[in-house]
Amino acid sequence: MQRVLNTAMKVAGVDSVVLIQGESGVGKSFFAKLIHRASKRRDGPFIRVDCAAIPESLIESELFGYEEGAFTGARARGKPGQFELAEGGTLFLDEVGDLPMKVQVKLLRFLEENELIRIGGTKARKLNVRVIAATQRNLENMVKEGQFRKDLFFRLNVVPLHIPPLRERVDDIPPLIHFFLRKFNRMCCTNKVIAPRAVDCLCRYPFPGNVRELSNLIERLVVLTPGDRIDVED
């Protein structure tokens, strides 16, 4: 994790594309924000797009925007996409492996030329946007299976950042427990403490949901534990 952090801080000083990989809940969006806040773009916008949450029929217009009359139901004056909204800042493409092939082509063009054309438009717009992408999927396997463009993979994979799952960094669990305990004690106006043997118990749990699961667990313990001491039984 120290190597991952050092790499993140180094790449924050430049505008290289970063591809953050790791299981769900390991903290990919946290590292994307960290890189943005440590960069010269810190005063610019940080726009996060969850590529898996937007319907395939809408994702192209959401990312690249559209001109007036581009399609039925389009706004009269058109609409800027997320790339344009991130001008001068960082666009974080979460779950980039879920992008449809048609959108992958347009993303590749932007990464190569730093320009885009809105849907229904003819004029290319030059933008100053830094791209950080993240995925829990294996993009190399997707390339072999024809589900992800090979040229786009190499264009995204300029600086790879792999965040290991929590079960592979057990030493991180105790400090994370106490970090979240302080956070939720403040939030809930409580003063809960956790017994050392309860911490040892949690260190033996594999946490399939990673840091997100640990955070949710500590919040639940702070809210539901009847006394001020959290123990193994809780």
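Let's start at helix 10, where V223 and L224 are exposed (over 50% relative accessible area; buried is under 20% and partly exposed lies in between, with a 1.4 Å probe and protein chains only). Please keep in mind that this is a predicted model, in which local features need pLDDT of at least 70, side-chain atom pairs count only at pLDDT 80 or more, and totals for chains, interfaces and linings use all residues. Residues are numbered from 1 along each chain as its sequence is written, and side-chain values use heavy atoms, leaving out hydrogens and water.

**Helix 10**
- Residues 210-224 form this helix (helices are DSSP runs of H or I, at least four residues, and strands are runs of E, at least two, numbered from the N terminus).
- N210, V211, L214, S215, L217, I218, L221 and V222 are buried in helix 10.
- These buried residues lie on the same side of helix 10, because they cover an arc of only 165 degrees around the axis (taken from the directions from the helix axis to the C-beta atoms).
- They pack against helix 8 (173-188), helix 9 (196-203) and strand 9 (229-230), where contact means heavy atoms within 4.5 Å.

**The largest nonpolar core**
- Among its 31 residues, L63, F83, L93 and V96 touch the most other members (a nonpolar core joins buried Ala, Val, Leu, Ile, Met, Phe, Trp, Tyr and Cys residues through side-chain atoms within 4.5 Å).
- Helix 5 gives the most to this core, with 5 residues.

**I59**
- I59 sits in helix 3 and is buried, with a relative accessible area of 1%.
- Not counting residues up to four places away in sequence, I59 touches C51, I54, L99, P100 and V103.
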